[in-house]
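User: I have a chain to go through with you. Let us take it as short questions and answers.

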Amino acid sequence: MTGLGTSSTSAKGASADTEYAAPALDKGLDILELLAATSGGLSQAQIASGVGRSVSQIFRVLSTLERRGYVHRDAQSGLYILSLRLFDLAHRHDPLRGLLQASAGPMRALADAAEQSCSLSVEDAGLSRVVAQVESPGDFGFRVRVGALFPLDESATGEILRAFRSSDPDAHGPALRAVRDAGYVERGDELHAGVIDIVFPVLRADGSAVAALTVPYVATRASVLSAEEVLPLARHAASQISGSLFPASTP
């Protein structure tokens, strides 16, 4: 009886999964994810192989993606690449658009004053995603790619996002509570020697973080400010962004 019961339950689960399946959508998403992870273009055959399907299975989906402007097919090589359509959609999303608009001015002012680059990151499905980047006006600086993803537990930026993830300080361990108490993180970058990450949270009215503002400080003989002098500039920029997004959160 136990064996029959288990079989029956599995069948119900499989039936529910099948009922809500959308094979064409799955194919389209698989294709978009494959192209997003590829630096160059791919042929139809390469795309089919990459998503584990035959050319005939993906032909109509690929044609629809091309017609809707999500992929572009090079006329000479016949290779498919992603268009900027997804980028455009992401930046039309209201919460992100508001964050980018509020951060543009303060980030530019910070980069100009410090002569260092800066970036803005948000938590995305358990990772830290860079959503904005402003280059240093100087001849030398450190930059990260907009859209880049990093583990939350392997960076100073992720440390801030985790520490200010909740408005409840008791929801964190001792290390993250110490970060909350300090209000920022300043430490050497774990992946890049010579880079000091200075990170402040962009806070909602309830004290939780909507984003993290990071200055990957690089000291050179041409540096106009020390890391200690950049700290108040980064704090002010993060506060400005918070105040623009959530006016009630500032005095």
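User: Which residue in E8 does Ser-119 stand opposite?
Analyst: This is a predicted model. Strand E3 covers residues 118-124 and strand E8 covers residues 209-218. The two run antiparallel and are joined by three bridges. Across from Ser-119, on E8, stands Thr-214.

User: In what order do the six strands of the open sheet lie?
Analyst: Pairing in this sheet is antiparallel. Its edge strands are E5 (149-151) and E6 (185-188), each pairing on one side only. Neighbouring strands are turned by 30° against each other on average, direction ignored. The order is E5-E4-E3-E8-E7-E6.

User: Which residue in the turn of the E3-E4 hairpin has a positive phi?
Analyst: E3 and E4 pair in the antiparallel sense over seven bridges. Within that pairing, Cys-118 stands opposite Val-134. Two residues lie between the strands of the hairpin. The one with a positive phi, about 50°, is Ala-125.

User: Which residue of E5 stands opposite Arg-129?
Analyst: E4 and E5 run antiparallel, and three bridges join them. E5 is an edge strand of the sheet. The residue opposite Arg-129 is Leu-149.

User: Why is E4 largely enclosed by the rest of the structure?
Analyst: Helix H7 (residues 156-163) lies across E3, E4 (127-134), E6, E7 (195-203) and E8. The enclosure of E4 itself follows from a count of its buried residues. E4 has eight residues, and the number buried is six.

User: At what angle to E7 does H7 run?
Analyst: H7 spans residues 156-163 and lies across five strands, E7 among them. E7 covers residues 195-203. H7 runs relative to E7 at about 25°.

User: Is Ser-117 buried or exposed?
Analyst: Ser-117 sits in the loop between helix H6 (94-114) and E3. Leaving out residues up to four places away in sequence, the residues it touches include Val-134, Phe-142, Thr-214 and Pro-216. Its relative accessible area is 1%, and the cut-off for buried is under 20%. Ser-117 is therefore buried.

User: At roughly what angle do the axes of H7 and H8 cross?
Analyst: Helix H8 covers residues 174-182, and its axis comes within 9 Å of that of H7. The crossing makes H7 roughly perpendicular to H8. Glu-159, Ile-160, Arg-162 and Ala-163 of H7 make the contact with Leu-176, Val-179 and Arg-180 of H8. The axes cross at roughly 90°.

User: Over what arc around the axis do the buried residues of H2 lie?
Analyst: The buried residues of H2 (residues 23-36) are Lys-27, Gly-28, Ile-31, Leu-32 and Leu-35. They sit on the same side of H2, because their arc around the axis is only 130°. The face turned away from that side carries the exposed residues Pro-23, Leu-25, Glu-33 and Ala-36. The arc of the buried set is 130°.

User: What do the buried residues of H4 pack against?
Analyst: H4 (residues 55-67) has 13 residues, and its end C-alpha atoms are 18 Å apart, which agrees with the expected 18 Å. Its buried residues are Ile-58, Val-61, Leu-62 and Leu-65. Just after H4, Gly-69 takes a positive phi of about 90°. The buried residues of H4 pack against H2, H3 (44-50), E1 (71-73) and E2 (80-82).

User: How far apart in space are Ala-109 and Ala-234, C-alpha to C-alpha?
Analyst: Ala-109 lies in H6 and counts as partly exposed, at 45% relative accessibility. Ala-234 is one of the buried residues of H9. The two are 125 residues apart in sequence. In space, C-alpha to C-alpha, they are 9.9 Å apart.

User: How far does H9 reach from its first C-alpha to its last?
Analyst: H9 covers residues 227-245 and has 19 residues. At 1.5 Å a residue, 27 Å is expected, and H9 is close to that. Its reach is 27 Å.

User: What percentage of the residues in the chain is buried?
Analyst: The chain has nine helices and eight strands. Of its contacts with a separation of 6 or more, 48% join residues 24 or more positions apart. Among its 251 residues, the buried ones make up 35%.

Note on methods:
Residues numbered from 1 in each chain as written. Predicted model: local features only at pLDDT ≥ 70, side-chain atom pairs only at ≥ 80, totals over all residues. Heavy atoms only, no water. Pairing = 2+ DSSP bridges. Helix = DSSP H or I, 4+ residues; strand = E, 2+ residues; numbered from the N terminus. Axes fitted to C-alpha atoms, helices over the stretch in contact; angles between N-to-C directions. Contact = heavy atoms within 4.5 Å. Buried < 20%, exposed > 50% of the residue type's maximum accessible area, 1.4 Å probe, protein only. Expected span 1.5 Å × (residues − 1). Arc of directions from axis to C-beta. Parallel < 35°, antiparallel > 145°, perpendicular 65-115°, else oblique.
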